[in-house]
Amino acid sequence: MNFYKKRFILCISALFSIFLFLGGCKSEKIVIEEMPPMSERTIEKFTITQTEDGKLKMIIEAESAIIDEKDSIAHLKLPIVKFYDNGNYASTLIAEGADINLETYDVEGIGKCVIDTANNEHLQTTNLMYNAKKNLIYSDNNVKIKKPGQTIYGTRFDADTKLETVTIKNQRTVLD
């Protein structure tokens, strides 16, 4: 009987040890939290058209755009902005990048910015702004405007989209 008692005590001890071991292991509950909705989305081959009184005012095309819905801004990569005056083509802005306010259609050209007009004029600057309500392009940076027969250099400019009315600070003109 001693053998059976020892075996019984050994089995009870083993079961008790297993019970303590398993009781000491804490089971983890996996919690999957719901992700908040993203306020940004990416669009490839982005295009936006603005009209005024049924006539074209602006067409923006970009390689891609990241739309920030919270701030109503589209961050554009390699945008091409075509400006129109009463539905007639006025000029084209090409920039390295741009931000457009989706409520006001104001555009901020980022990096190198080039504008070519229908009148064969060419403007170069960096980081320019376009105010859609005033139909005004401006920058506080150096500017170079090449017109037939002359090249104008300066800092801080503002102009309409046709480059017909241009104000340049510290202007220097070189006749060709």
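This is a guided tour of one predicted protein model, stop by stop.

**Before you start**

Residues are numbered from 1 along each chain as its sequence is written. Because the model is predicted, local features need pLDDT of at least 70 and side-chain atom pairs count only at pLDDT 80 or more, while totals for chains, interfaces and linings use all residues; side-chain values use heavy atoms, with hydrogens and water left out.

**Stop 1: the whole chain**

Show the protein as a cartoon. You should find 1 helix and 11 strands. Helices (H or I, at least four residues) and strands (E, at least two) are DSSP runs, numbered from the N terminus. Follow the sequence and the pattern reads α-β-β-β-β-β-β-β-β-β-β-β.

Now switch on the surface. The protein exposes about 12,200 Å². Carbon and sulfur atoms supply 54% of that area. Accessible areas come from the Shrake-Rupley method with a 1.4 Å probe; for residues, only the protein chains shown count as cover.

How much of the protein is buried? Buried residues make up 32% of the 176 residues. Buried means under 20% relative accessible area, exposed over 50%, and partly exposed in between (1.4 Å probe, protein chains only).

**Stop 2: the helix**

Select residues 2-24, helix α1, and find Ile9 in it. Is Ile9 buried or exposed? Ile9 is exposed, because its relative accessible area is 53%.

Add Phe8 and Ile12. Together with Ile9 they make a nonpolar surface patch of about 320 Å². Patches are made of residues with over 30% relative accessible area and no salt bridge: like charges are joined within 9 Å, and nonpolar side chains (Val, Leu, Ile, Met, Phe, Trp, Tyr) within 5 Å.

**Stop 3: strand β7 and its partners**

Select residues 122-126, strand β7. In a regular strand the side chains alternate between the two faces of the sheet. Look for that here. Leu123 and Thr125 point to one face and are buried. His122, Gln124 and Thr126 point to the other face and are not buried.

Next, show strand β6, residues 107-117. β6 and β7 pair in the antiparallel sense over 5 bridges. Two strands pair if DSSP finds at least two bridges between them. Click Cys113: it stands opposite Thr125 in β7. Then go to the hairpin of β6 and β7, with 4 residues between the strands. Asn120 there takes a positive phi near 65°.

Add strand β9, residues 136-147. β9 also pairs with β7 in the antiparallel sense, over 3 bridges. Which residue of β9 is the bridge partner of His122? Select Lys146 to see it.

**Stop 4: Lys112**

Return to strand β6 and pick Lys112. Lys112 counts as partly exposed because its relative accessibility is 45%. Leave aside its neighbours within four places in sequence. Lys112 is then in contact with Ile94, Ala95, Glu96, Gln124, Thr125 and Thr126. Contact means heavy atoms within 4.5 Å. Draw a distance between the C-alpha atoms of Lys112 and Glu96: they are separated by 6.0 Å, although the two residues are 16 apart along the chain.

**Stop 5: salt bridges**

Side chains of opposite charge can pair when their charged atoms come close. A salt bridge is a side-chain nitrogen of Lys or Arg within 4 Å of a carboxyl oxygen of Asp or Glu. By this rule the count comes to 4. Visit these three.

- Select Glu52 and Lys57: their side chains meet at 3.7 Å, N to O. Glu52 is partly exposed at 46% relative accessibility, whereas Lys57 is buried at 9%.
- Select Glu63 and Lys77: their side chains meet at 3.5 Å, N to O. Glu63 lies in strand β2 (residues 55-68) and Lys77 in strand β3 (residues 73-77), so the pair ties together parts 14 residues apart in sequence.
- Select Asp85 and Lys162: the closest N and O atoms are 2.9 Å apart. Asp85 sits in strand β4 (residues 80-85) and Lys162 in the loop between β10 (150-160) and β11 (166-175), so this pair links distant parts of the chain, 77 residues apart.

**Stop 6: Ser72**

Finish in the loop between β2 and β3, where Ser72 is found. Ser72 is buried, because its relative accessible area is 15%. Its side chain makes a polar contact with the side chain of Glu103 (3.1 Å). A polar contact is a pair of N or O atoms within 3.5 Å; within protein, one must be able to donate a hydrogen and the other to accept it, and residues adjacent in sequence count only if both atoms are side-chain atoms.
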